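Please find below my note on the model you sent. I have kept to separate points, so that each can be checked against the coordinates.

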Amino acid sequence: MHRGTEAQPGIVGRDWHRRALDRAINAGLDGGPALTLVHGDAGIGKTTLVDSVVAGHAAAGVTVLRGFAEDKGGAAFAIWDGVRHGLRAVVDTRGGDIDERRWEQLDVLAHAIGAAAPALVVLEDAHWADEQSLWILERMPHLLAGTRVAFVVTSRDDAVGGTRPGHVVPLSGLDPAEVAELLGSLGRAVSEGDVTELTAFTGGNPLFVRELALHDHAGRLPAVVGDALEWTLQGIPGDAMDVLLALSLGGTDLPRRVLEEAGTTAPGDLDACIDSAVRAGILVPDPRGRPRFRHDLLSEAVRHRAGRRRCREMHCALAAGWRVGDGSPRSAAEVAVHSLAAVPDTDVVEVADLASAAAAGLVSEGDPGAAAALLADAARTVEEHAGSDYLLRARLLVELGEALDLAGVADSAVEAYEAAVVPARRGGDPRLVARAEVGVAAHLNPLAPVP
């Protein structure tokens, strides 16, 4: 009879996973299928889960042996170093023919582990394991079949070399209720809406939730999060990264024609690029079958990896892609949005005029809210890059106030009108001053004439 696992302090959710892992370990210790794979993203809680279950077995007298693979290519047999140390199994890992060395490693380790039974061997980060370590892992459970030995392997991949696990425990993100519980354990009380947003942004990854909750990253990915996401992006070819960057900047509902016109990849290669990102777990299908990022942090990581200059270049390409559109107000607005994001690689005055015209088209189509968002973006960009062009700033702010009025957002409309008064006066345009002042007055006195 083996000791089962109970909920551990500091662990949120994972009740089913703890029970499944405990059953798998007990099966191995009873001579059944010995190898269990626990897989999931970096930061998803693989080690936390394993530790919580292993502790109960260690307390019940099971010998626990642990090994760790080394990042960025460790020495041969490295994942077994900790196991050898725990067993005091001395074997020379240096020099000689590699085939002879690995058979010797396998023989010595198998005898020592079998002699330590009941034993639980935990091998972590097997996605980094060297070829020789995996060769031993593939054979070890067969050699020890029927003995009271269980193996638990953690990996970011859903397969480890040629091994065939008897049990698999996949870990995914926490749900919103579990994220709220995790935040509560960290002393962070947040609204239901914030919990929902944070869950979507992080995919419910416990490490990411903790890092973003405890540290203000001020627009930059915390290092530990960035490192974890960078691993996920490794191995994605350049043309697929361009497609991912386009989807990150343009939204995953970006029309196919725009992606093709933007020149992210050859039209015939687009599906292959998307498929490679799906296989890597970066993109997943949405309910309509269209690709979306598995969580928003992956989208942010793609932009972070590309850098600001490359992002501006892609915004230019997306603006060009939208220009070959249907001429609709939406297409014109997208051209303006991406052109604004490409400043200073695009002419700020020309782009501001594009935004003004596109906003007028959105208003005519009955979408003043979208027009206001576009004008606010244009006004911010002009202030940052052409702050001395007072008349342009004032015109955009007045148009913003008028769009907000139509959208029924009175307080924000007044703020836009008030912000327009000073630059309009500095620019020396009395008619623009009057439009701004009348806009303010219309809210202070509803009977005042509307411009």
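The points that follow go from the overall form to individual elements and residues.

1. Overall form. The model is a predicted one, and the protein in it has 20 helices and seven strands. Its radius of gyration is 29 Å, whereas a compact globule of 451 residues would have a value near 22 Å. Along the principal axes, the C-alpha trace spans about 95 × 45 × 35 Å.

2. Burial, contacts and surface. Of the 451 residues, 47% count as buried. When contacts between residues at least 6 apart in sequence are considered, 69% of them join residues at least 24 apart. The accessible surface comes to about 21,400 Å², and carbon and sulfur atoms account for 51% of that area. As for charge, the protein carries 42 positive and 64 negative charges, and the mean positions of these two sets are 3 Å apart.

3. Helix H8. Which residues of helix H8 (residues 206–214) are buried? They are Pro206, Phe208, Val209, Glu211 and Leu212, and the cover over them includes helix H6 (176–185), helix H7 (192–202), helix H9 (223–233) and helix H13 (296–306). At the start of H8, a side-chain oxygen of Asn205 comes to within 3.0 Å of the backbone nitrogen of Leu207.

4. His127. This residue lies in the loop between strand S3 (119–124) and helix H5 (131–143), and it counts as buried because its relative accessibility is 14%, under the 20% limit. Neighbours within four places in sequence aside, His127 is in contact with Ser155, Arg156, Asp157 and Trp231. With Arg156 there is also a polar contact, in which the His127 side chain reaches the backbone nitrogen of Arg156 at 3.0 Å.

5. Residues with positive phi. Asp125 is found in the loop between S3 and H5 and, although it is not a glycine, has a positive phi of about 60°. At 21% relative accessibility Asp125 counts as partly exposed, because the class of buried residues ends at 20%. Arg14, in the segment before helix H1 (15–29), is likewise not a glycine and has a positive phi of about 70°. Is Arg14 buried or exposed? Its relative accessible area is 9%, and Arg14 is therefore buried.

6. Cis peptide bonds. The bond from Ala117 to Pro118 is cis, with omega near 0°, and Pro118 is found in the loop between helix H4 (98–115) and S3. The bond from Val343 to Pro344 is also cis, with omega near 10°; Pro344 has its place in the loop between helix H15 (329–341) and helix H16 (348–364).

7. Asp429. The last point concerns the loop between helix H19 (410–427) and helix H20 (430–444), where Asp429 is found. The side chain of Asp429 reaches the backbone nitrogen of Arg431 at 3.1 Å, and, if residues up to four places away in sequence are not counted, Asp429 touches Leu391 and Ala424. How far apart in space are Asp429 and Val169, C-alpha to C-alpha? The distance between Asp429 and Val169 is 69 Å, with 260 residues separating them in sequence, and this may be read alongside the span of the C-alpha trace, about 95 × 45 × 35 Å along its principal axes.

Conventions. Residues are numbered from 1 along each chain as its sequence is written. This is a predicted model: local features need pLDDT of at least 70, side-chain atom pairs count only at pLDDT 80 or more; totals for chains, interfaces and linings use all residues. Side-chain values use heavy atoms; hydrogens and water are left out. Helices (H or I, at least four residues) and strands (E, at least two) are DSSP runs, numbered from the N terminus. The radius of gyration is taken over C-alpha atoms; the globule rule is 2.2 Å times the number of residues to the power 0.38. Buried means under 20% relative accessible area, exposed over 50%, partly exposed in between (1.4 Å probe, protein chains only). Contact means heavy atoms within 4.5 Å. Accessible areas come from the Shrake-Rupley method with a 1.4 Å probe; for residues, only the protein chains shown count as cover. Lys and Arg count as positive and Asp and Glu as negative; His and the chain ends are not counted. The place of a charge is taken as NZ of Lys, CZ of Arg, CG of Asp or CD of Glu. A polar contact is a pair of N or O atoms within 3.5 Å; within protein, one must be able to donate a hydrogen and the other to accept it, and residues adjacent in sequence count only if both atoms are side-chain atoms.
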